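Thanks for making the time this morning. I would like to walk through one model with you, going from its overall outline to a handful of local details.

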Amino acid sequence: MARTSAPHDGRLPEPGLGTRPGRPAPLGATVVPTGVNFAVCAPGARALWLVLMAPESGDVVAELPFPEDGRTGDVFAVTVSGPGVEQLHYGYRVGTGAGTAAAPVLLDPRARGLAGGGAWGERPRYRSQIGEDTFDWGGTRRPRTAPEDLVVYELHVRGFTRDPSSQVARPGTYAGLREKIPYLLGLGVNCVELLPVFEFDETDNTYTSPETGAPLLNYWGYNPVGFFAPKAAYAATPTPDAAARELKELVRALHEAGIAVVLDVVFNHTAEGDHRGPTQSLRGLDGPASYLMTPDGGYRNLTATGNTVNANHPRTRALILDSLRHWATEYRVDGFRFDMACILARGQDGELLDNPPLLEDIAHDPVLADRLLVAEATDATGLDLTGGFPSYGRWSEWNARYRDDIRRFLLGRPGSAAAFAPRLLGSPDLYGGRTATASVNYITCHDGMTLADLTSYDERHNHANGEGGADGIPDEDSWNCGHEGPTGDPAVLLTRDRQRRTALALLFLSQGVPMLLAGDEFGRTQQGNNNAYSQDNPISWLDWTGTRTHADLLRFTRRCVAFRRAHPVLRRVRHPDGVTPEGWKLPPVSWHGERPGEPDWSDGSTLLAVLLHQEPPEGVRDTVFIAVNTGRADRAVEPPAPPSGTHWRLSLDTGAATEPEAPVPPGRVHGPATLRLAPHTAVALTAHPDGS
C-alpha cells in the first residue's frame, strides 16, 4: 500500500490513511474489504483530489490525489484504507490546469447520502456521505397491485403531517407519515405518490414574504441536489443515515399494509441552475454531458429553472438509470412519476427524438420491469405529449386532458359532454392500442388549486408567493359557485358541495388509474393559491380538522373508492366499445340521454348518461349505469332497462342530502321510475339479481 504524497493545497493526509489505485466500477463510494473505493467520471479533469472531511464539522481532514495509474479512461479511482475511513465525509476537487486551488469541493453525483443539509429551513453545507445498505426488510414483500386496481394518493411528506392537527408524534417526517397509514387504509387508497424525496435545498428560493419580508422556502422540492440521496430533513433526526432508515421503514410499513409507493422524480433539471447557480456536482465534473447547452455556450432553459438535463447523453443516461435502479432495489419503491418527462425525450440539441434512448432503456430495463412508470407528458416550453408520449409498451401518463375535460364538463362548458365521454372510458382516443391504465386520471394535483378551491375561487390568489400574484396558472377552469372565497351562503355552499362530490364520483367511476390529491377528500383549501410551492405553512399543510368539519365529504370519498373496488366493470384493462359480443346481453358501453339510446352530443349538452356492462369471459358479470347533470336546472332521465333477471339499485347520488355510514350500502331499489337529477349532480345505478 502506498502512502499518499503531494497533497493538493499543502494539507497533510490524515495519519494512517493509505491509498492505492482503485477500481473504476462501480462509480461512487463503495466499501470494500481494504477500505473504501472511490470512482468518479470526470472527463475534463487533468487531475482530481479526494477531499475527506470530519463528519461532525465538515472540516477538511485530508486531500488525497487520485493516483494516475488509478485512472481508466475518464474514470478516476482510488481505494483509501485506514481506521474509520468509511465514517468520513467526502467530496472531489477538480484540477483543470493552473490556478485550480480555489476549485470548489464537489458532491459525488452517486452519493447515497448528503450530509450537512441540517434541519428543515437551515442553509445547507453539503458533503457526500458513504453509505451501506444494511436495512432489514424482515421478509416484507411489495404489494404488486395490478395497475387497474390502483388508487393513487398524491402527498407531500412534510405537509401531510406538519400541521399540529395531524396529532402525530413526529410531524412533518417520514415517521409522521407512517403514523397515518391507518387513515390511508380507511380511505381505501392502495398507492401513495410522494412529492420529491431526493435531497433538495429548500432555502434556494429567492422570493420573500410580502407580509413579513422573511425568505420563502422551496417547499415542494422540485430542485434536486442529488439523484441518489433521500431528503435528510424529512427524518425526525435530519441526517442521511436516519433519513435512509426512516424512509425504508416507511416503505416497509406501507408495503405491509398493502400500499405501493411511487416517487415523484426530477431528472429534467438540477439545483445547479444556469451560470448564476452554484457549482455543486455535475457542472464541475461532467458539465457538457450533463446539461443542454446553446451554440454560444449558454444553458438551454427548457424547464424554466435555469438548466436542462442532457438526459439522452450516454453518460447521463447511465446516471439516471443507475438512480432508478438504486431506488427500486435499495428502497424497494414500486414506481416513479417523472416530472416534465418530455425533457427525457429530447436530444442533445434540445429537439424531440423519434426514439429517445433513455425512455426505451427505462422501459426495457430488467430491474425496473415491474415498476410503474408514469410520465408528466409536458414541459415548460408548452410541449404537450399527452397521449403521444413514447410508451414502449410500459409508460403511462398523467392525463392532463382528463383534468381539463372533467373540469370543463363540471362547469357545463360548450362541447364538454362530448369531450369528457372518452375520458370516462380511459381515453381510448388518446391511448388507442394501449390499455386503459395508460391514463392516470386526476382532477387536481399539487400544482394548481385543490378541489375545494376549484369550487370556491374564480381567480388565483397567489399574493403570498411574493411574485406580485402573477405566478401560477392564470385560468384553472374553476368556479366560485357565486361567491369568491369563504362564505356562509347556504345556496353557494350547496352548489360547491355538489360540484366536489360529482367531481370525486366521476374520478372513481372513470376507467384508468385514479389519482386523488391529499386532503381533497375533506375539503382542504390553499386559500385560492394555485402555486403554493413556496408556502411552508398552513396554506400547504393538511389541516386534519377537516376530517371532522367535512366528515360527510370524507365518507362520500371512502364510498366512491369502495364502490370502484366493488365493481370490476369500472376497472377494465381494455377500453370498452359499443359492439355487443356474441352471447352478451348488452354491449360493453352504450350511451343514453333523457331517454334510453338518445345521447345528446350537442355543444350545449350538460347531460351524460352511460351504461357499462361486462360478462364472462371478460370478467364477472357487472352492470353500472351513470347519469350526470352538469347544468343549472333539474333533469329527468329515463334509465335503460337493466339486464334481464336483474333490477336497478341506486348506489351513488351526489345530490343526496345525507351520506350513509356504510362504505358499500346496498342502495335502494330503483323501479322503472324516471331519475330526477338535481343541478350539478351525478347518480350511479347498479344491476342486482332479482330477488336480492
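Let me start with the record, since the unreviewed UniProt entry carries the annotation "domain: Glycosyl hydrolase family 13 catalytic", and that annotation covers residues 154-564. Over residues 154-564 the chain is 33% helix and 8% strand, and the C-alpha atoms at the two ends of that range are 18 Å apart.

Please keep in mind throughout that this is a predicted model. The mean pLDDT of the chain is 94, with 96% of its residues reaching 70 or more. The stretch I would set apart is residues 1-12, where the pLDDT is below 50, although in the model this stretch still has 32 contacts beyond near neighbours in sequence.

Now to the aromatic rings. A pair of aromatic rings is described by the distance of the centres and the angle of the planes. The count here comes to 31 aromatic pairs, and I have picked out two of them. Trp120 and Tyr234 are stacked, with 5.9 Å from centre to centre and 20° between the planes. What does this pair tie together? Trp120 lies in the loop between strand E10 (113-115) and strand E11 (127-129), while Tyr234 lies in the loop between strand E13 (191-194) and helix H4 (240-256), so the pair ties together parts that are 114 residues apart in sequence. Both Trp120 and Tyr234 are buried.

The second pair has another geometry, because the rings of Tyr291 and Tyr299, with their centres 5.9 Å apart, have their planes at 65°, which makes the pair edge-to-face; the cut-off that matters for this step is a plane angle over 60 degrees. Tyr291 and Tyr299 are likewise both buried.

There is also a cluster linked by ring pairs, and its members are Phe198, Phe227, Phe267, Trp327, Tyr331, Phe336, Phe338, Phe389 and Trp395. Tyr331 deserves a second mention, as the charged end of Lys248 sits over its ring, 4.9 Å from the centre. A comparable arrangement involves Lys180, whose charged end sits over the ring of Trp544 at 3.9 Å from its centre.

Let me turn to the cysteines. A disulfide is a covalent bond between the sulfur atoms of two cysteines. The count of disulfides in this model comes to zero. Why is Cys191 without a bond? The closest cysteine sulfur to that of Cys191 is in Cys445, and it is 15 Å away, which is too far for a bond; the cut-off for a disulfide is 2.5 Å. Cys191 counts as buried because its relative accessibility is 1%. Cys342 is in no disulfide either, and for Cys342 the nearest cysteine sulfur is again that of Cys445, at 15 Å. With a relative accessibility of 0%, Cys342 also counts as buried.

Next, the backbone. Most residues other than glycine have a negative phi, and most peptide bonds are trans. Against that background, the peptide bond from Ala25 to Pro26 is cis, with omega near 0°, and Pro26 is placed in the loop between strand E1 (18-21) and strand E2 (28-32). Another cis peptide bond joins Pro616 and Pro617, with omega about 5°, and Pro617 has its place in the loop between strand E21 (607-614) and strand E22 (622-629).

As for phi, Gln167 is a residue other than glycine with a positive value, near 60°, and it is found in the loop between helix H1 (157-161) and helix H2 (174-179). Cys481, which is not a glycine, has a positive phi of about 65° and lies in the loop between helix H11 (451-454) and helix H12 (490-509). Which of these is buried and which is exposed? Gln167 counts as exposed because its relative accessibility is 71%, whereas Cys481, with a relative accessible area of 7%, is buried.

I will end with Ala103, in the loop between strand E8 (89-95) and strand E9 (105-106). At 17% relative accessibility Ala103 counts as buried, given that the cut-off is under 20%. Leaving aside residues up to four places away in sequence, Ala103 touches Arg93 and Val94. The C-alpha atoms of Ala103 and Gly284 are separated by 8.9 Å, although these residues are 181 residues apart along the chain.

Definitions and conventions. Residues are numbered from 1 along each chain as its sequence is written. This is a predicted model: local features need pLDDT of at least 70, side-chain atom pairs count only at pLDDT 80 or more; totals for chains, interfaces and linings use all residues. Side-chain values use heavy atoms; hydrogens and water are left out. UniProt positions are given in the numbering used here, feature names are shortened, and annotations may be inferred rather than shown by experiment. Helices (H or I, at least four residues) and strands (E, at least two) are DSSP runs, numbered from the N terminus. pLDDT is the predictor's confidence in each residue, from 0 to 100. Contact means heavy atoms within 4.5 Å. Rings of Phe, Tyr and Trp (its six-membered ring) pair if their centres lie within 6.5 Å; planes under 30 degrees apart count as stacked, over 60 as edge-to-face and the rest as tilted. Buried means under 20% relative accessible area, exposed over 50%, partly exposed in between (1.4 Å probe, protein chains only). A charge sits over a ring if NZ of Lys or CZ of Arg is within 6 Å of the ring centre and within 35 degrees of the ring normal.
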